[in-house]
Amino acid sequence: MDAQTCLKKLEYVGVLAFATVDAECAPQIRNISAIHYEPDAMYFFTARGKDFCRELLSDGRVQILGYTKFKEMIRLSAKAVPTPEDEQKKWIDTIFAEQPYLANIYPGDTRKIGIVFEIKGGNIEYFNLGVNPIFREGYTFGSIETNANKGYRITENCIGCGTCLEHCPQRCIEPGTPYRIEPTHCLHCGACFESCPAGAVERLGKGADPHE
């Protein structure tokens, strides 16, 4: 699996959930299908008068989520920016050609109310619940720094009792000194954190409390 394969899977899903934050910092989400894909980029159409457009122009940060019939979750965290003005018509025409239903919504020249945003880099989280053990990895594309590590790790305070392994639903913990969590199979459920009698498990990434 890699970033380009994940983008191709999002294309197969078709309708994606786009999450933004409005001016009052309230989360907003909507389904978007007016999307064109390149191997290393995504272009999507909306109307300039929509709240969605204003939120993107104000901040630009967006999370995009797709879920396949094979129980694969693909989440893209990125910054969306308007495509350069001299390329707008090209990408609008491309998206309308690929999505004929749009002509029913914006017939004739009314498509001129639209704007195309582009994403040329981002962080992708891939999570497959359809296999055992589960599989997860993170990827980047474009000139984007990778996300901070997520999940949990076992520190040198480990006493080797094996309690974490007993409570792990995916059996993704390997004995050792200290015990070790295999991140590609970890659910991030926190069972090891809650069950460790020595407090040797710590959360990675932002915050120290798994219930934040």
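Contact here means heavy atoms within 4.5 Å. Keep that in mind as you click through this predicted model.

**Stop 1: Lys-120**

Select Lys-120, which sits in the loop between S8 and S9. Which residues is Lys-120 in contact with, leaving aside its neighbours within four places in sequence? Show Asp-40, Ala-41, Tyr-43, Phe-141 and Gly-142, and you have them. Lys-120 counts as partly exposed because its relative accessible area is 46%, and partly exposed covers the range between 20% and 50%. Now add Asn-104 and draw a distance between the two C-alpha atoms: Lys-120 and Asn-104 are 16 residues apart in sequence and 29 Å apart in space.

**Stop 2: the six-stranded sheet**

Next, colour the strands S2-S1-S5-S6-S9-S10, given here in their order across an open sheet with antiparallel pairing. At the edges you will find strand S2 (27-32) and strand S10 (135-141), each pairing on one side only. From one strand to the next, the twist averages 20 degrees. As background, strands of a sheet pair through backbone hydrogen bonds, either parallel or antiparallel.

Zoom in on strand S1 (residues 16-21) and its partner S2: this antiparallel pair is held over six bridges. Pick Phe-18 and look across to S2, where its bridge partner is Arg-30.

Then bring up helix H1 (residues 3-13). Helix H1 lies across S1, strand S5 (61-67), strand S6 (72-79), strand S9 (122-128) and S10. Relative to S10, helix H1 runs at about 100 degrees.

**Stop 3: the four-stranded sheet**

Now switch to the strands S3-S4-S8-S7, which form an open sheet in that order, again with antiparallel pairing. Here the edge strands are strand S3 (35-38) and strand S7 (81-82), each pairing on one side only. Inside this sheet, strand S4 (residues 41-47) pairs with S8 in the antiparallel sense over six bridges. Select Met-42 and you will see Ile-119 of S8 standing opposite. Helix H2 (residues 51-58) packs on this sheet and touches S4, S7 and S8. The direction of helix H2 makes about 130 degrees with that of S4.

**Stop 4: the nonpolar cores**

Stay with Met-42 and display its surroundings. Not counting residues up to four places away in sequence, Met-42 touches a list of residues that includes Leu-7, Leu-10, Phe-18, Ile-64, Leu-76, Phe-117 and Ile-119. Which members of the largest nonpolar core touch the most other members? Of its 27 residues, they are Phe-18, Met-42, Phe-44, Ile-119 and Ile-124. The largest share of this core, four residues, comes from H1. Apart from it lies another core, of 14 residues; to find it, select Ile-154, Leu-165, Ile-181 and Ala-200, which are among its members. In soluble globular proteins, nonpolar side chains tend to be buried together.

**Stop 5: the salt bridges**

Finally, turn to the charged side chains. How many salt bridges are there? The count comes to 12. Side chains of opposite charge can pair when their charged atoms come close.

Start with Asp-93, which takes part in a salt bridge with Lys-89, the closest N and O atoms being 2.6 Å apart. Both residues lie in helix H3 (residues 88-98), four residues apart, or about one turn of the helix. Lys-89 is exposed, with a relative accessible area of 60%, whereas Asp-93 is partly exposed at 28%.

Asp-93 also meets the side chain of Arg-111 in a salt bridge, at 3.2 Å from N to O. This pair links distant parts of the chain: Asp-93 is in helix H3, while Arg-111 is in the loop between helix H4 (102-105) and strand S8 (114-119), 18 residues apart. Arg-111 is partly exposed, with a relative accessible area of 24%.

Move on to Arg-61 and Asp-59, whose closest N and O atoms are 2.9 Å apart in another salt bridge. Is Arg-61 buried or exposed? Arg-61 is exposed, with a relative accessible area of 58%, and Asp-59 is partly exposed at 29%.

For the last selection, show Arg-75, Glu-125 and Lys-150 together: a network of salt bridges links them.

Technical notes:
Residues numbered from 1 in each chain as written. Predicted model: local features only at pLDDT ≥ 70, side-chain atom pairs only at ≥ 80, totals over all residues. Heavy atoms only, no water. Salt bridge = Lys/Arg side-chain N within 4 Å of Asp/Glu carboxyl O. Buried < 20%, exposed > 50% of the residue type's maximum accessible area, 1.4 Å probe, protein only. Helix = DSSP H or I, 4+ residues; strand = E, 2+ residues; numbered from the N terminus. Pairing = 2+ DSSP bridges. Axes fitted to C-alpha atoms, helices over the stretch in contact; angles between N-to-C directions. Core = buried A, V, L, I, M, F, W, Y, C linked by side-chain atoms within 4.5 Å.
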